[in-house]
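Dear colleague,

Here is the structure I said I would hand over. My notes on it follow below.

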Amino acid sequence: MNRKKAAPVYRVSRLAQPPVIDAVWDKLTWKNIPALKVVNYMGAKPDHLPLTQAKLAYDGIALYGIFRVQDRYVRAVARQHQDCVCTDSCVEFFFSPGPDVEKGYFNLEINCGGIVLFHFQTVPRQDQRALPAADLRRVQIAHSLPKRVDPEIKTPTTWTVEYRLPVEILKRYRPVAVPEPGAIWRANFFKCADATSHPHWLTWARVHRPRPDFHVPEDFGILVFE
């Protein structure tokens, strides 16, 4: 009998000072913060499994995140925010700011060139609300690769994206408290590249679907704020 594994847990570190958002993985802010690995795949096992790691932290006003991807076949052709960035080389952070996923979740998707798709929804894929440009401007993004990567980079390439997400903008969509130690959120982290020469769909928390689908909030892992 196949049994559903327990949801993974990631402990979110509290920062004394906010980091400079510059997409530098090895800087002092992140040095002692553990990384999670996005290693589960959806669908058939892909022939390209990029090593994808992420870290998350917070302070009294914002969340901070950084991804590092040791990749190949890297592509970015989305031109503006809220374009379909999942077809590019892309990392994604889906999260419910509380333990109750039925109250809705956000999907923050960032391609390797720093183009963002950011939505909120309560029913997966049915009531998506795109965050307006004014809110997107408050999400600070840094990326190590150029905005556009075309043609595809076929050689081994490591890239990073880093972001600062003010908690205040989330309150427009559902009640959200600034995290305090002991707070529980639900979340998943993803890596995809739908329209590259070597597509793949990777997850942190295992998603129990036979085909690739990231919009499964009941399978989110657990964030514990320290």
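Lys 27 sits in the loop that runs between β1 and α1. Please keep in mind that the model is predicted. Lys 27 counts as buried because its relative accessible area is 13%, and the cut-off for buried is under 20%. Leaving out residues up to four places away in sequence, Lys 27 touches Pro 19, Val 20, Asp 22 and Glu 162.

Two of these contacts are also salt-bridge partners. Glu 162 pairs with Lys 27, and their closest N and O atoms are 2.7 Å apart. This pair links distant parts of the chain: Glu 162 belongs to strand β13 (residues 157-166), Lys 27 to the loop between β1 (9-14) and α1 (28-31), and 135 residues separate them. Both Glu 162 and Lys 27 are buried. The side chain of Lys 27 also meets that of Asp 22 in a salt bridge, at 2.7 Å from N to O. Asp 22 has a relative accessibility of 36% and is therefore classed as partly exposed, a class that lies between 20% and 50%.

The structure holds 10 salt bridges. Another of them joins the side chains of Asp 150 and Arg 148, with an N to O distance of 3.7 Å. Asp 150, at 47% relative accessibility, is partly exposed, and so is Arg 148, at 38%. As for shared partners, salt bridges join Asp 22, Lys 27 and Glu 162 into one network.

Next, the nonpolar cores. In soluble globular proteins, nonpolar side chains tend to be buried together. Here the largest nonpolar core has 55 residues, and those with the most contacts inside it are Phe 93, Phe 95, Phe 118, Leu 165, Leu 170, Phe 189 and Leu 223. Strand β5 (residues 62-71) contributes the largest share of this core, with 6 residues. A second core, separate from it, has 16 residues, including Cys 86, Ile 115, Cys 192 and Val 216.

I looked at two residues around there in more detail. What does Phe 95 touch, not counting residues up to four places away in sequence? The list is Tyr 105, Phe 106, Phe 118, Leu 165, Leu 170, Trp 185, Arg 186, Ala 187 and Phe 220. Ser 96 is in strand β7. Its relative accessible area is 0%, so Ser 96 is buried. With neighbours within four places in sequence left aside, Ser 96 is in contact with Val 101, Gly 104, Tyr 105, Arg 174, Trp 185, Arg 186 and Phe 220. Tyr 105, Trp 185, Arg 186 and Phe 220 are thus among the contacts of Phe 95 and also among those of Ser 96.

Last, the pockets. The largest pocket has a volume of about 260 Å³. Its lining consists of 17 residues, and Cys 86, Glu 92, Glu 109, Arg 125 and His 215 are the closest to its centre. Sorted by class, the lining has 8 nonpolar, 4 polar and 5 charged residues. At least two lining residues come from each of the strands β7 (90-96), β8 (105-111) and β9 (116-121). Cys 86 appears twice in these notes, as a residue of the second core and in the lining of the largest pocket.

Best regards

How values were computed: Residues are numbered from 1 along each chain as its sequence is written. This is a predicted model: local features need pLDDT of at least 70, side-chain atom pairs count only at pLDDT 80 or more; totals for chains, interfaces and linings use all residues. Side-chain values use heavy atoms; hydrogens and water are left out. On a 1 Å grid over the protein atoms alone, a cavity is a set of points where a 1.4 Å probe fits but cannot get out, and a pocket is an open set with protein on both sides within 12 Å along at least five of seven lines; lining residues have an atom within 4 Å of a point. Grid points are joined across faces, edges and corners, and a volume is the space filled by probe spheres set on the points. Helices (H or I, at least four residues) and strands (E, at least two) are DSSP runs, numbered from the N terminus. Ala, Val, Leu, Ile, Met, Phe, Trp, Tyr, Cys and Pro count as nonpolar, Asp, Glu, Lys and Arg as charged, and the others, Gly among them, as polar. A salt bridge is a side-chain nitrogen of Lys or Arg within 4 Å of a carboxyl oxygen of Asp or Glu. Buried means under 20% relative accessible area, exposed over 50%, partly exposed in between (1.4 Å probe, protein chains only). A nonpolar core is a set of buried Ala, Val, Leu, Ile, Met, Phe, Trp, Tyr and Cys residues joined through side-chain atoms within 4.5 Å. Contact means heavy atoms within 4.5 Å.
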